[in-house]
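Reader: Could you walk me through how to read the packing in a protein model? I'd like the general idea, then the case at hand.

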Amino acid sequence: MDKKGERQMIKERVYKWYGILLIGALVLTSLVCFAHTAEDPDISSLVAGQNISVGEVFIWNDDENLYVKYQTYNPWCMTETHLYAGKDLPPAPISPGHFPYKYPEDEQDVNSFDEYTYIISLSELDVQPGKWIYILAHAVVRNIDTGAEETAWKEGTPIERQGSGWAMYNTYQIQKRPWIKVNISETELIWDIFKPGKYMSLGPVLRITSNVAVVILYGAGGQDTALGPAIRTGSLLSKRTSNWGTSDDEIRLWATCLWGAPSSPHAGDPELVPPPDQISNNPEDLFEYWINFVHLDGYQMKLSESEGLKKGIAFSCYNMINVNPSNSEGNYFEQFIITIFIEL
């Protein structure tokens with residue numbers, strides 16, 4: 001055989017073993033947050049003289065503070081506001097002047113205003129998310145056109161106790177505002193294989209930060225988003241092989257994970273990865289063994305609420321493939337979807 005024929009035979013042999021595998025797709029889904037916010041607060045009327053709506057009171061909270069905002073509308077303005085917020089109703093007789101929060105601080109300052117917001121630390125109130133508090137919002141209002149002055153309360157439930165006048169209270173549940181942040185190092189993994197055998201590589205490094213529990217869904221258990229073998233999508237040779245449409249058109253994938261991101265998103269310590277012979281069909285073993293992608297489809301992994309999750313938890317996803325020594329030439333493609341959502 002001449003040199004040209006020998007080079008051609010080697011070239012065809014190499015091509016026969018050649019495979020390209022592309023992996024990657026991330027879908028992030030976060031549930032709608034129903035907590036009251038500055039954009040969507042709890043709202044009640046500010047009622048003067050027992051039957052005149054002169055404005056509104058807005059209440060919301062974040063992870064650190066309670067916010068109570070007073071607002072009056074023309075021709076009404078405020079000259080004083082008094083606020084009570086606590087785990088119990090204040091004792092009778094109800095005296096707004098003795099409420100713990102007031103504006104203006106100096107009672108001699110009688111300048112009018114039409115808006116004011118109290119910002120109260122939740123730690124000062126000694127309350128946690130999910131707990132209920134009582135709120136009594138009182139104001140002295142003035143009609144700019146007539147000069148009439150009235151007492152006003154945030155509309156709510158009348159306090160039916162002697163010495164309470166027509167004071168009203170509201171109950172408000174301190175709400176947790178769930179949030180989640182997700183970062184992925186890459187969404188595509190390309191294998192360039194020129195020789196049959198088993199290969200391992202670091203895939204996406206996922207970092208999740210959240211103040212509530214998080215669920216990670218691998219695949220979806222459906223045909224369109226299933227996790228399975230990589231399927232041959234094309235050939236590098238001009239002639240199709242006779243085995244297309246059989247199991248030879250598939251390359252199996254395995255996955256395993258390690259807590260903590262490596263020093264570089266594109267490099268890991270192979271010695272930390274379980275040996276290829278440690279393969280399990282149980283998705284719960286994802287951080288100890290290699291799991292066939294087929295068995296990960298529809299698996300939900302829960303990250304419980306914790307201080308560690310609030311600061312950020314990272315884990316590295318490793319992949320392993322096995323390229324057969326014959327009839328595996330071609331381009332292979334596998335897309336997988338990971339859905340990450342908060343658990344309310």
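## Cysteines, cores and rings

Author: Let's start with one residue in this predicted model: Cys257 counts as buried, because its relative accessibility is 2%.

Reader: Which cysteine sulfur is closest to the one in Cys257?

Author: That would be the sulfur of Cys317, 4.0 Å away. Cys317 counts as buried too, at 13% relative accessibility.

Reader: Why is there no bond between Cys257 and Cys317?

Author: The general idea is that a disulfide is a covalent bond between the sulfur atoms of two cysteines. Here the 4.0 Å gap is too far for a bond, because the cut-off is 2.5 Å. A search of the whole structure turns up zero disulfides.

Reader: OK, now the cores. Which residues touch the most other members of the largest nonpolar core?

Author: In general, nonpolar side chains in soluble globular proteins tend to be buried together. In this model the largest nonpolar core has 33 residues, and the ones touching the most other members are Ile208, Val214, Ile216, Tyr218, Leu296, Phe315 and Ile340. Several elements supply at least two residues each, including β15 (197-210), β19 (253-259), α3 (293-296) and β23 (313-323). β23 gives the most, with four residues.

Reader: What does Tyr218 touch, leaving out residues up to four places away in sequence?

Author: Its contacts include Cys257, Leu296, Met301, Phe315 and Ile338. There's also a second, separate core of 27 residues, with Leu46, Tyr101, Val127 and Ile174 among them.

Reader: In what order do the strands of the six-stranded open sheet run?

Author: Read it as β13-β15-β23-β19-β21-β20, with mixed pairing. The edge strands, β13 (180-184) and β20 (279-280), each pair on one side only. Further in, β15 and β23 run antiparallel and are joined by ten bridges. One residue to click on is Arg207, whose bridge partner in β23 is Ala314.

Reader: And the aromatics: how many aromatic pairs does a search of the whole structure find?

Author: Twelve. For each, look at the distance between ring centres and the angle between planes. Phe99 and Trp153 are edge-to-face, at 6.3 Å centre to centre and 65° between the planes. Trp259 and Phe315 are also an edge-to-face pair, at 5.5 Å and 80°. Trp259 is in β19 and Phe315 in β23, so this pair ties together parts 56 residues apart in sequence.

Reader: Is Trp259 buried, partly exposed or exposed?

Author: Partly exposed, with a relative accessible area of 47%, whereas Phe315 is buried at 1%.

Reader: Where does the charged end of Lys181 sit?

Author: Over the ring of Trp179, 5.8 Å from its centre. Likewise, Lys69 lies over the face of Phe58, 5.5 Å from the ring centre.

Technical notes
Residues are numbered from 1 along each chain as its sequence is written. This is a predicted model: local features need pLDDT of at least 70, side-chain atom pairs count only at pLDDT 80 or more; totals for chains, interfaces and linings use all residues. Side-chain values use heavy atoms; hydrogens and water are left out. A nonpolar core is a set of buried Ala, Val, Leu, Ile, Met, Phe, Trp, Tyr and Cys residues joined through side-chain atoms within 4.5 Å. Buried means under 20% relative accessible area, exposed over 50%, partly exposed in between (1.4 Å probe, protein chains only). Contact means heavy atoms within 4.5 Å. Two strands pair if DSSP finds at least two bridges between them. Rings of Phe, Tyr and Trp (its six-membered ring) pair if their centres lie within 6.5 Å; planes under 30 degrees apart count as stacked, over 60 as edge-to-face and the rest as tilted. A charge sits over a ring if NZ of Lys or CZ of Arg is within 6 Å of the ring centre and within 35 degrees of the ring normal.
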